[in-house]
Amino acid sequence: MSADILEMDKIISISSKNQITIPKKLMEFLGFGKEARIKTDGNSLIITPLKEDNFNFSDLILEDLINEGYEGKDLLNEFKKRNSNVRPAINKMIEEAKNNPVTTTDIFGDDL
């Protein structure tokens with residue numbers, strides 16, 4: 001199957017809402033999740049999978065929940081809740097960092 005995928009040359013439709021559908025086999029082979037990065041290179045459009053585990057704090061979340069005494073379905077429900085808050089929290093930190101840039105002097109003082 002991988003040879004077929006790597007040599008894929010297929011015409012796809014663009015919907016009235018400017019949406020495209022990526023073939024399922026290609027999505028699975030390339031490891032696409034719920035998000036993708038899109039960029040241009042000249043006249044080409046490049047879509048790459050955003051690996052969901054880029055922000056994987058699952059082991060830390062689970063450790064905290066177990067230490068807090070969660071078990072069974074309560075553990076699962078609380079894990080889903082906390083895990084869903086990770087990406088928004090990271091995005092917020094990134095935005096705050098963009099709006100409040102820090103210099104090396106802020107970090108290291110005048111020692112550099």
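Here are three short exercises on this structure, each with a worked solution.

The model is predicted, so local features need pLDDT of at least 70 and side-chain atom pairs count only at pLDDT 80 or more, while totals for chains, interfaces and linings use all residues. Residues are numbered from 1 along each chain as its sequence is written, and side-chain values use heavy atoms, leaving out hydrogens and water.

**Exercise 1.** Work out how many helices and strands the chain has, and their order.

*Solution.* Start with the DSSP runs: helices are H or I with at least four residues, strands are E with at least two, and numbering starts at the N terminus. That gives six helices and two strands. Now read along the sequence: the pattern is α-α-β-β-α-α-α-α.

**Exercise 2.** Find the residues of the largest nonpolar core and the helices behind them.

*Solution.* Look for buried (under 20% relative accessible area, 1.4 Å probe, protein chains only) Ala, Val, Leu, Ile, Met, Phe, Trp, Tyr and Cys residues joined through side-chain atoms within 4.5 Å. The largest such core has six: Ile61, Leu65, Leu75, Phe79, Val86 and Ile90. Next, check the helices: α3 (58-67), α4 (72-84) and α5 (86-99) each supply at least two residues of this core. Finally, zoom in on Leu75: skipping residues up to four places away in sequence, Leu75 touches (heavy atoms within 4.5 Å) Leu62, Leu65, Ile66 and Tyr70.

**Exercise 3.** Is Ile12 buried, exposed or partly exposed?

*Solution.* First, locate Ile12: it sits in the loop between α1 (2-6) and α2 (24-30). Exposed means over 50% relative accessible area, and partly exposed lies between buried and exposed. Ile12 has 36%, so Ile12 is partly exposed.
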